[in-house]
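Work through these exercises with the model open beside you. Try each task before reading its solution.

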Amino acid sequence: MSELRRAAGTGRRTLILNSTNLVMPTLSALLRLTVPGLWCLDLHDDLLYDSMGWRRLRGRVALGALKRCTDIAVHAAPTLSELFPASHHLGNASDLLPVARAGFDARRVLVLASIDARFDFEFVARSAALAPDVAFDVHGQISRGDPVIAARLEALASAPNVVHYGPYDNAALPGLLASYSVTLAPYVVGSRLTRYIDPLRYYHCLNSGMEVVTTAIPAAEVLRPHLHVVANPEAFIATLALLGEDSATRRNDGTMALTHTWGAKARRLIEIAAQARGGRDG
């Protein structure tokens, strides 16, 4: 709020990034009326998600209000241009740097996840059954304490080579990622819930120097040169074996940590804002 108050007295259209989603549309509208600036709406996902009925209608109204009090909008996943054709692609990033690892270990797989309806439990269960000598370490929080999701996770973790370690702390990510060479991102394919996401964990893991194996969600196609997209658990296990045996099959060349940083995204956002201002004060 102090930054917004200072912006109000400058007489210049200061860039104000609104990342509140649909949580406070009325407050966003009031601030837009009282605080001068170039208001930018940050669209990181569908925002309406899989909500139905009255909840979805309420979300549509809130989203409409946000759009009306926005000068420009930026989105993460390229597919979001389907929903917000006037917005600018910005994308996600990470400021994590490559971490030192003792060697390449394909016998331990990190599954870093928000454990919710987007998580493909069957994919992980089948993968673990196909490779009983590989440890699958799941780190993540169960969404909203959902009992159905919790039950599915408990069933998954009943396999002898699958362990759920609970939520992870972002501050501890560098140390956690340093403990693994390979991560699996088991997103459900063909779902609206995964069509419009640009997973931060892709960028965290790639920037840290890991090999990332993922199911074929749209965001994976954009990063395909840097990661491995697999269609089924059998393909994942085959890919995992190749990564352990042949270094030439690995795709993480370290360039992600140079190009996909928040500093680079900030510079791109400034360019978008300058274009919106007509270059007058950019």
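The exercises below go from the whole chain to single helices and then to loop residues; the model is predicted.

**Exercise 1. The whole chain**

Task: Decide how compact the chain is for its length.

Solution:
- Start with the secondary structure. The chain has 12 helices and 10 strands.
- Next, take the radius of gyration. It is 21 Å, close to the 19 Å that the globule rule gives for 282 residues, so the chain is as compact as a globular protein of that length.
- Add the dimensions. The C-alpha trace spans about 65 × 45 × 30 Å along its principal axes.
- Look at burial. Of the 282 residues, 45% count as buried.
- Turn to contacts. Among those with a separation of 6 or more, 75% join residues 24 or more positions apart.
- Finish with the surface. The chain exposes about 13,900 Å², and carbon and sulfur atoms supply 57% of this area.

**Exercise 2. Helix 10**

Task: Check the length of helix 10 (residues 233–245). Then find which of its residues are buried.

Solution:
- Compute the expected span. At 1.5 Å a residue, 13 residues should give 18 Å. The end C-alpha atoms are 18 Å apart, which agrees.
- List the buried residues of helix 10: Pro233, Phe236, Ile237, Thr239, Leu240 and Leu243.
- Place them around the axis. They cover an arc of only 160°, which puts them on the same side of helix 10.
- Recall the helical repeat. An α-helix has 3.6 residues a turn, so residues three or four places apart point the same way.
- Identify the cover. It includes strand 5 (108–112), helix 4 (121–130), strand 6 (135–139), strand 8 (182–185), strand 9 (211–215) and strand 10 (228–230).
- Inspect the start of helix 10. There, a side-chain oxygen of Asn232 comes to within 3.2 Å of the backbone nitrogen of Glu234.

**Exercise 3. Helix 8**

Task: Is helix 8 (residues 200–208) mostly covered or mostly uncovered?

Solution:
- Count first. In helix 8, 8 of the 9 residues are buried, so the helix is mostly covered; buried means under 20% relative accessible area.
- Name the buried set: Arg201, Tyr202, Tyr203, His204, Cys205, Leu206, Asn207 and Ser208.
- Find the packing partners. The buried residues of helix 8 pack against strand 5, helix 6 (173–178), strand 8, strand 9, helix 9 (218–222) and helix 11 (256–259).
- Check what follows. Gly209, just after helix 8, has a positive phi of about 105°.

**Exercise 4. Helix 12**

Task: Test the span of helix 12 (residues 262–276). Then say what its buried residues pack against.

Solution:
- Apply 1.5 Å a residue. The 15 residues should span 21 Å; the end C-alpha atoms are 21 Å apart, which agrees.
- Pick out the buried residues of helix 12. They are Lys265, Leu269, Ile272, Ala273 and Ala274.
- Trace their partners: strand 1 (15–18), strand 2 (38–43), strand 3 and strand 4.
- Look past the end. Just after helix 12, Gly278 takes a positive phi of about 75°.

**Exercise 5. Asp46**

Task: Which side chain makes a polar contact with the side chain of Asp46?

Solution:
- Locate Asp46. It lies in the loop between strand 2 and helix 3 (53–68).
- Judge its accessibility. Asp46 is at 3%, so it counts as buried.
- Find the polar partner. The side chain of Arg192 makes the contact with that of Asp46, at 2.7 Å.
- Complete the neighbourhood. Beyond four places in sequence, Asp46 is in contact with Leu80, Leu83, Phe84, Arg192 and Tyr196.

**Exercise 6. Two more loop residues**

Task: Classify Ile115 by accessible area, then do the same for Val188.

Solution:
- Place Ile115 in the loop between strand 5 and helix 4.
- Read its relative accessible area. At 0%, Ile115 is buried.
- Check its contacts. Outside four places in sequence, Ile115 touches residues including Phe121, Val138, Ile149, Leu153 and His164.
- Take one pair. Ile115 and Ile149 are 34 residues apart in sequence, yet 7.3 Å apart C-alpha to C-alpha.
- Move to Val188, in the loop between strand 8 and helix 7 (192–195).
- Classify Val188. At 23% relative accessibility, it counts as partly exposed.
- List its contacts. Leaving aside neighbours within four places, Val188 meets Ala117, Arg118, Phe119, Asp120, Thr194 and Ile217.

Terms used. Residues numbered from 1 in each chain as written. Predicted model: local features only at pLDDT ≥ 70, side-chain atom pairs only at ≥ 80, totals over all residues. Heavy atoms only, no water. Helix = DSSP H or I, 4+ residues; strand = E, 2+ residues; numbered from the N terminus. Expected span 1.5 Å × (residues − 1). Buried < 20%, exposed > 50% of the residue type's maximum accessible area, 1.4 Å probe, protein only. Arc of directions from axis to C-beta. Contact = heavy atoms within 4.5 Å. Polar contact = N/O pair within 3.5 Å; in protein donor to acceptor, adjacent residues only side chain to side chain. Rg over C-alpha atoms; globule rule 2.2 N^0.38 Å. Areas by Shrake-Rupley, 256 points an atom, 1.4 Å probe, with all protein chains shown as cover.
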